[in-house]
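Q: Please take a close look at one metal site in this model. What holds the metal in place, and what surrounds the site?

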Amino acid sequence: QAKGAGRNRLCFFDPATQAAMAETTALEADLRQAIDCQQLELFYQAQVDTSGRIVGAEALLRWNHPQRGWVSPARFIPLAEQTGLIAQLGEWVLQQACAQLGLWAREPQLADITLAVNLSAHQFRQKGFLGFMQQLLARSGAPTERLKLELTESALVDNVEQVIALMLALRSLGLRFSLDDFGTGYSSLAYLKRLPLDQLKIDQSFVHDLVKEPNALAIAHAVIQLGDSLGLDVIAEGVETEAQRDALVQQGCHAFQGYLYARPLPLADFEALVRRGTEGSQPPLS
Ligand code: C2E
Ligand code: MG
Ligand code: MG
Ligand code: MG
């Protein structure tokens with residue numbers, strides 16, 4: 001396209017951009033279908049305490065596409081957010097999670113597991129979210145205090161007063177909140193102090209660099225201190241090595257999630273892991 005071709009020119013994209021756009025459109029259509037055709041599944045990744053006991057899980061969405069195979073949520077969640085599909089997708093995830101908590105409640109070995117569910121900013125800001133949660137919890141009979149919503153700073157930055165009111169209302173239902181990917185966003189400390197949170201989740205980028213980068217260690221340390229002084233739990237995500245875990249323990253971190261303990265697992269595998277873990281001596285969790 002020549003320069004100065006005028007204001008009314010059509011917009012042309014280079015072939016690579018065009019291909020990427022077509023690919024996105026195709027994926028979007030597939031995702032729409034996947035929601036209806038049960039190609040989506042929740043995986044569960046263990047969260048453990050300092051003794052290695054499983055105290056919770058994070059529900060992570062998985063999409064097994066009939067042709068493409070596994071599509072990463074890092075790819076389809078942003079797409080769902082752009083297209084508005086996240087509303088439907090997010091409701092489905094919460095329904096699954098609550099149904100699961102209801103079932104776990106009946107089994108002593110699983111009854112104490114707290115289930116963390118990721119919530120996108122769109123979902124959280126959607127009108128009617130509070131009503132949806134109220135109905136869902138009432139209908140599913142899930143033990144409300146076992147459900148934890150993971151929010152990122154992006155969900156919390158606008159309309160502070162409104163966000164706080166919504167969080168308080170959800171909390172009065174028994175729900176808890178974790179601030180995911182903490183340290184990668186922009187929330188000020190003054191603001192953080194006002195949010196009715198229960199947990200901070202140290203972002204995996206800091207955990208990754210913990211052992212070799214003094215700055216990452218300093219940040220992890222600061223987050224743990226901050227959690228302590230605000231009365232919040234702190235969990236580290238992306239813990240892959242003993243060295244990382246030891247460094248975190250030394251800084252006073254009490255909860256961990258990462259490949260060192262377990263990958264995100266299909267439901268049956270996760271349940272088997274918990275049942276094994278609660279039988280007497282602790283086997284290795286990987
Ligand atoms: P997240 O919530 O920060 O989830 C943690 C991600 O780190 C997951 O990636 C998990 O599989 C991965 N992970 C866990 N342990 C380790 C480790 O030791 N090392 C490394 N390198 N990675 C680890 P995943 O499952 O691909 O999900 C990516 C993101 O997609 C999530 O990040 C979350 O933001 C989003 N997501 C996943 N499921 C849902 C969902 O149901 N709803 C919404 N809104 N977002 C979701
Ligand atoms: Mg998360
Ligand atoms: Mg995270
Ligand atoms: Mg993340």
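A: The magnesium ion (ligand 3) is coordinated by Asp180 (OD), Asp181 (OD), Glu237 (OE) and Glu237 (OE). The distances run from 2.2 to 2.3 Å. This is a predicted model, and every value here is computed from it. In sequence, the donor residues are spaced D-D-x55-E. Asp181 lies in strand β6 and Glu237 in strand β8 (residues 233–237), so the pair ties together parts that are 56 residues apart in sequence.

How exposed are these donors? Asp181 is partly exposed, with a relative accessible area of 24%. Glu237 counts as buried because its relative accessibility is 6%, and buried means under 20%. Asp180 is buried.

A second ion shares a donor with this site. The magnesium ion (ligand 2) and the magnesium ion (ligand 3) are 3.9 Å apart. Asp180 coordinates both. For the magnesium ion (ligand 2), the donors are Glu58 (OE), Asn118 (OD1), Glu150 (OE) and Asp180 (OD). They sit at 2.0 to 2.2 Å. Their spacing in sequence is E-x59-N-x31-E-x29-D. Here too, distant parts of the chain are linked: Glu58 is in strand β2 (residues 54–65) and Asp180 in strand β6 (residues 176–182), 122 residues apart. Glu58 is buried, like Asp180.

Next, the pocket. The largest pocket has a volume of about 930 Å³. Its lining comprises 39 residues, and the closest to its centre are Glu58, Leu60, Pro73, Asn118 and Asp180. Glu58, Asn118 and Asp180 also appear as donors to the magnesium ion (ligand 2). By class, the lining divides into 17 nonpolar, 14 polar and 8 charged residues.

Now follow the chain on from Glu237. Gln244 lies in helix α11 (residues 242–251). Gln244 counts as buried, at 5% relative accessibility. A polar atom of its side chain lies 2.8 Å from the backbone nitrogen of Glu240. Leaving out residues up to four places away in sequence, Gln244 touches Val207, His208, Leu210, Val211, Gly238 and Val239.

One loop residue rounds off the picture. Thr144 is found in the loop between α5 (129–140) and β5 (147–151). Thr144 counts as buried, at 13% relative accessibility. With residues up to four places away in sequence not counted, Thr144 touches Leu137, Leu173, Gly174 and Leu175.

Definitions and conventions. Residues numbered from 1 in each chain as written. Chains lettered and ligands numbered in written order. Predicted model: local features only at pLDDT ≥ 70, side-chain atom pairs only at ≥ 80, totals over all residues. Heavy atoms only, no water. Donors = N, O, S within 2.8 Å, 3.2 Å for Na, K, Ca; no water. Helix = DSSP H or I, 4+ residues; strand = E, 2+ residues; numbered from the N terminus. Buried < 20%, exposed > 50% of the residue type's maximum accessible area, 1.4 Å probe, protein only. 1 Å grid on protein atoms, 1.4 Å probe; cavity = no way out; pocket = protein on both sides within 12 Å on 5 of 7 lines; lining within 4 Å. Points joined across faces, edges and corners; volume = space filled by probe spheres on them. Nonpolar A, V, L, I, M, F, W, Y, C, P; charged D, E, K, R; others polar. Polar contact = N/O pair within 3.5 Å; in protein donor to acceptor, adjacent residues only side chain to side chain. Contact = heavy atoms within 4.5 Å.
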